[in-house]
Amino acid sequence: MQGDDNVVSCMVSNGVGSVAQMYTYGKSTPVLLDGANPGLGLARARLSYANGVETCTFTRLMSSGSAVVPGYYDIQANAFYLLVALGYMAGGSTKDCLFY
């Protein structure tokens, strides 16, 4: 069962790409971990979309360091699972989205 998860979202909307760190509370739509800094905890994030293929690369920091960030999962101290999904956003919008 999925829920209360740290998520990296790679989205292309109207030709503009974004990579963001998100969190799901239970079985909910992911929300930004930090609205002021969507890339919190990510380094070297790159997103490209060509010929119908979305490619997303990033480095995720293992922990938030000394900062307390609700929802940031510490993968240095805890085991984790990697789930990759591809599909449309809620409502069947035309956005392409990958969640890691």
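Is Cys-10 buried or exposed, judged by its relative accessibility? In this predicted model, Cys-10 counts as buried because its relative accessibility is 0%, a value that falls under the 20% limit applied to buried residues. The residue forms a disulfide with Cys-56, the two sulfur atoms being 2.0 Å apart, and the count of disulfides in the model comes to 1. A disulfide is a covalent bond between the sulfur atoms of two cysteines. Cys-10 belongs to strand E1 (residues 5-13) and Cys-56 to strand E5, so the pair ties together parts that are 46 residues apart in sequence. The link of Cys-10 and Cys-56 is left-handed, with -55° about the S-S bond. Cys-56 also counts as buried, since its relative accessibility is 12%.

The strand that carries Cys-56 is paired in turn with another part of the chain. Strand E4 (residues 42-50) and strand E5 (residues 53-60) run antiparallel and are joined by 7 bridges, and within this pairing Leu-47 of E4 stands opposite Cys-56 in E5. The two strands form a hairpin with 2 residues between them, and Asn-51, which lies in the turn, has a positive phi of about 55°. A positive phi is also found at Arg-44, where the angle is about 50° although the residue is not a glycine. Most residues other than glycine have a negative phi. Arg-44 lies in strand E4 and is exposed, with a relative accessible area of 63%, whereas Cys-56 in the partner strand is buried at 12%.

A further buried position is that of Gln-21, which is placed in strand E2 (residues 16-24). Its relative accessible area is 0%, and Gln-21 is therefore buried. The polar side chain is nevertheless provided with partners: a polar contact of 3.3 Å joins the side chains of Gln-21 and Asn-6, and the side chain of Gln-21 also reaches the backbone oxygen of Leu-40 at 3.1 Å. When residues up to four places away in sequence are not counted, the residues that Gln-21 touches include Asn-6, Val-7 and Val-8, together with Val-31, Leu-32 and Leu-33. Also among them are Pro-38, Leu-40, Gly-41 and Leu-42, as well as Arg-60 and Tyr-72.

Terms used
Residues numbered from 1 in each chain as written. Predicted model: local features only at pLDDT ≥ 70, side-chain atom pairs only at ≥ 80, totals over all residues. Heavy atoms only, no water. Pairing = 2+ DSSP bridges. Helix = DSSP H or I, 4+ residues; strand = E, 2+ residues; numbered from the N terminus. Buried < 20%, exposed > 50% of the residue type's maximum accessible area, 1.4 Å probe, protein only. Polar contact = N/O pair within 3.5 Å; in protein donor to acceptor, adjacent residues only side chain to side chain. Contact = heavy atoms within 4.5 Å. Disulfide = S-S within 2.5 Å.
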